[in-house]
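Visitor: I have a model to read before I go back to the bench. Could you take me through it and justify each label as we go?

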Amino acid sequence: LVLSAFGSPRDDTTSIVNNEKEFQLAMDVPGMKSSDLKIDVDNGILQISGSREERVSSDGQVSKKKRRVSYSIKLDDDVDVNRMKANLSDGVLSVSAPKEARAKS
C-alpha cells in the first residue's frame, strides 16, 4: 500500500520486494547524498524524505535548483524494523529488513 510517493512501485524510480522472508526497497535518488536523506519508521510506516539544493549555471546566469524526495509505504507487521539497513550507492538508495518468523498454527 503506497500512501504517497516520489515514484510508485510501478515506476522505474522505485522497486519493492516484499516476500515472506524480507522487505527490500530500491529508489533512484540521483545527486543526493546520505546527509540529504532522512529515513524513519513511525507506526509501521517507512518514510523517506530529503532535499538538496544545487547551483545551476547556464548562459552566464547562476540559479538554484532544489530537488525533493518524499516516499511513504506501510510495512507489514512482521518486518523487523530494528534490523533495518539502508545504503546509498551510485544514486540508488537501498533499504532492507528481514521479517520475523511467524508462529505456525
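Visitor: What makes S2 and S3 a pair, and in which sense do they run, parallel or antiparallel?

Guide: This is a predicted model. In it, five bridges connect S2 and S3, and the sense is antiparallel. Two strands pair if there are at least two bridges between them, so S2 and S3 qualify. One of the bridge partnerships is Ser-15 with Ala-26 in S3. S2 and S3 also form a hairpin, with three residues between them.

Visitor: How do you know that S3 pairs with S8?

Guide: The same test applies. The two strands share seven bridges. The cut-off is at least two, so S3 and S8 are paired. They run antiparallel. Leu-25, for example, has Val-95 of S8 as its bridge partner.

Visitor: Which side chains of S3 are buried, and which are not?

Guide: Phe-23, Leu-25 and Met-27 point to one face and are buried. Glu-22, Gln-24, Ala-26 and Asp-28 point to the other face and are not buried. In a regular strand, side chains alternate between the two faces of the sheet.

Visitor: Why is Asn-18 called partly exposed?

Guide: Its relative accessibility is 38%. Buried means under 20% and exposed means over 50%. Asn-18 falls in between, so it counts as partly exposed. Asn-18 belongs to strand S2, residues 14-18.

Visitor: What makes the Asn-18 side chain a partner in polar contacts?

Guide: Distance is one part of the test, and the limit is 3.5 Å. The side chains of Asn-18 and Asp-76 make a polar contact at 3.1 Å. With the side chain of Lys-99, the polar contact of Asn-18 is at 2.7 Å. Leaving out residues up to four places away in sequence, Asn-18 touches Phe-23 as well as Asp-76 and Lys-99.

Visitor: How many residues along the chain separate Asn-18 from Ser-96, and how far apart are their C-alpha atoms?

Guide: They are 78 residues apart along the chain. Their C-alpha atoms are separated by 9.7 Å.

Visitor: Why is Asn-43 called exposed?

Guide: Asn-43 has 69% relative accessibility. The cut-off is over 50%, so the label is exposed. Asn-43 sits in the loop between strands S4 (37-42) and S5 (45-58). Its phi is near 55°, a positive value in a residue other than glycine. Most residues other than glycine have a negative phi.

Visitor: What makes Asp-90 exposed?

Guide: Its relative accessible area is 80%. That is over 50%, so Asp-90 is exposed. The residue lies in the loop between strand S7 (85-89) and S8. Phi of Asp-90 is near 50°, also a positive value in a residue other than glycine.

Visitor: What elements make up the whole chain?

Guide: Eight strands and zero helices. Buried residues account for 24% of the 105 residues. Take the contacts between residues at least 6 apart in sequence: 47% of them join residues at least 24 apart. The accessible surface is about 7300 Å², with 42% belonging to carbon and sulfur atoms.

Visitor: Where does pLDDT stay under 50?

Guide: Over residues 1-10. The model has 26 contacts beyond four places in sequence for that stretch. Where pLDDT is low, the predicted coordinates should not be read in detail. For the chain, mean pLDDT is 85, and 86% of residues reach 70 or more.

Key
Residues numbered from 1 in each chain as written. Heavy atoms only, no water. Helix = DSSP H or I, 4+ residues; strand = E, 2+ residues; numbered from the N terminus. Buried < 20%, exposed > 50% of the residue type's maximum accessible area, 1.4 Å probe, protein only. Contact = heavy atoms within 4.5 Å. Areas by Shrake-Rupley, 256 points an atom, 1.4 Å probe, with all protein chains shown as cover. Polar contact = N/O pair within 3.5 Å; in protein donor to acceptor, adjacent residues only side chain to side chain. pLDDT = per-residue confidence, 0-100.
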